[in-house]
Amino acid sequence: MAATDVSIALNRFGLGARPDDSIPDNPKAWLKHQIEAFDPRPAAIAAVPSRAKVAGELADFYDQQRQLRQMGLGRRQQRAVPAPEMTPPGVPQNMAMGAAATIPPGTPEPGAKPDADDPLKEARRFVGRQVRDDYAAAVGARANAALTSNAPFADRLTHFWANHFAVSADKLQVIGLSGLLEFEAIRPNLTRTFGDMLNAVERHPAMLLYLDQAVSVGPNSTAGQFAARRPRPNGQKLGLNENLAREIMELHTLGVRSGYTQADVTEFARALTGWSVAGIGRGAGAKMAGTDGTPGDFVFAERLHEPGERIIIGRPYREDGEKQAQAVLDMLATSPATALHLATKLARHFAGDTPPPALVQRLQASFVKTGGDLPSLYRVLIDSPECWVPQPVKFKSPWEWTMSAYRALGMTQVQPLAAVGLLNQLGQPTWKPGSPAGYDDIAASWAGPDALVRRVEASERFATRAGAQIDARAIAPKLFPAALSPATEQALARAESPGQALALLLVSPEMLRR
């Protein structure tokens, strides 16, 4: 059976229906109201560890690593500590150190006494604490906000933009900060302009650390010239890092093959020098570089900034400190190429893996006309017939399927580590896409046989725990109003037990697609 407008609103635009949800009389009006009613800081998200706490822990860790080096660890011990990368003055050498965001063997349970006689073990435990106390807490908060949200369309948009501005928590510096990027830069700007969101994201410590902007130093800056006169004992050299500039152009704004050149990337990287994170490095060096301050705050470190005028994509930008890169961002945020890039991604997310050209054109035109007003884009989606075709247009990602299954089961809370574990098992660890491009938004990435087997196994576990408490035959019409296929209805009717019926419902075509 084809999906009805109500079912499409609940499942394609939303995160999946809950058994006790009231059915909206006017699906389009219901979706538009969510844009206005969206709460960027619900209780679950307000309770996560603060940026100052997470960044302060990171600063403590680097301080501890500095002490380890000063203690002169043996070679075998030194090999156990990841090798440092280039760092600017005032920032510990291992600021750019990477590590897998998994709890390592031997991580103590909460409350365990530290081994004061083994600083190396304490350093290793840092990753475990960040995963358990900060990363998992943020994943749990994201999931619980999605389960209880009365504006699921707005929450879906939040998840869309977080994947667009992807960071990956498998890098040590980003473990505890990855969720805060979504909570502090995406959610508060969901109903503002794209430029507002872009500026908040590019100044956030998660993005600055993930793309190594904090280690980018202008060769002709005060710090760069000082370093050139005093080579570092380990032979490392300070210099320009183009990661952030490249990904802003290629992924966040213009898109590939949109007319910019490598020279534009380099010039933009020079303009961005000085954009950094405060408080991660400590001591006299940090004060000299201008990166001291409250851990995790954005800081413009003038002494790291490459002086000079720039020409970027044919436009001149005068030397103006922090405002030089800001002016470039403002230009990129409203570019027609950016409008096309974002319109294509939004159309793909809501209307199918092959974005309908007419929908892309309408979204692009709205973006250009309004200067990137995001609520205007959302209303175009709601009013576009391409988003309301009765046939399913998308295969759900593991995150989408998990949230829709949780909501179908009537869950209002999930334990953080349980959510982390399930999403790891299903192949989409939260905020860990492994690259700045984020997770794919096409069926080919999620519909493989192994992935489907994992969902079946998860469904069976859900059904076993639920027992006879949930009647799949009763809730199915509420989850997919007037949209259940005869095949699904028949499968539920023939199920040998309530548990089997529930497991079948959770892996039905209606639940797997939207």
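**A helical chain, read from helix α17 outward**

Helix α17 spans residues 357–370, and its 14 residues extend 20 Å from the first C-alpha to the last, close to the 20 Å expected at 1.5 Å a residue. The model in which this helix appears is a predicted one. The residues of α17 that count as buried are L359, V360, L363, S366 and F367. They lie on the same side of α17, because they cover an arc of only 130 degrees around the helix axis. An α-helix has 3.6 residues a turn, so residues three or four places apart point the same way. The other side of α17 carries exposed residues, namely P357, Q361 and K369.

The buried residues of α17 have several helical partners. They pack against α9 (194–202), α15 (322–333), α16 (336–351) and α18 (374–383). Just beyond the end of α17, G371 adopts a positive phi of about 70 degrees.

The chain as a whole provides the setting for this helix. It contains 25 helices and four strands. Of its 514 residues, 56% count as buried. Contacts between distant parts of the sequence are well represented: of those joining residues at least 6 apart in sequence, 75% link residues at least 24 apart. The chain exposes about 21100 Å², and carbon and sulfur atoms supply 53% of this area.

The interior can be described through its nonpolar cores. The largest has 139 residues, among which F13, W161 and F268 touch the most other members. Helix α6 contributes the largest share of this core, 12 residues. A second, separate core has five residues, including V217, A223, A289 and A301.

W161 deserves a description of its own. When neighbours within four places in sequence are left aside, W161 is in contact with I186, L190, F194, M197, L342, L374 and Y378. Among these contacts of W161 are F194 and M197, whose numbers fall in the range of α9 (194–202), a helix against which the buried residues of α17 pack.

Helix α6, which covers residues 119–148, also holds N144. Is N144 buried or exposed? N144 counts as buried, because its relative accessibility is 12%, and the cut-off for burial is under 20%. Residues up to four places away in sequence not counted, N144 touches A44, T412, Q413 and V414.

Helix α19 offers another view of burial. It is mostly covered, with 11 of its 11 residues buried. Its buried residues include the aromatic W399, W401 and Y406, together with E400 and R407. Just after α19, G410 takes a positive phi of about 75 degrees.

A408 belongs to α19, which runs over residues 398–408. Its relative accessible area is 2%, so A408 is buried. Which residues does A408 contact, leaving aside its neighbours within four places in sequence? The contacts of A408 are A17, P19, I475, L479 and M511. One of these partners, M511, stands 103 residues from A408 in sequence, yet the two C-alpha atoms are 9.4 Å apart in space.

Methods: Residues numbered from 1 in each chain as written. Predicted model: local features only at pLDDT ≥ 70, side-chain atom pairs only at ≥ 80, totals over all residues. Heavy atoms only, no water. Helix = DSSP H or I, 4+ residues; strand = E, 2+ residues; numbered from the N terminus. Expected span 1.5 Å × (residues − 1). Buried < 20%, exposed > 50% of the residue type's maximum accessible area, 1.4 Å probe, protein only. Arc of directions from axis to C-beta. Contact = heavy atoms within 4.5 Å. Areas by Shrake-Rupley, 256 points an atom, 1.4 Å probe, with all protein chains shown as cover. Core = buried A, V, L, I, M, F, W, Y, C linked by side-chain atoms within 4.5 Å.
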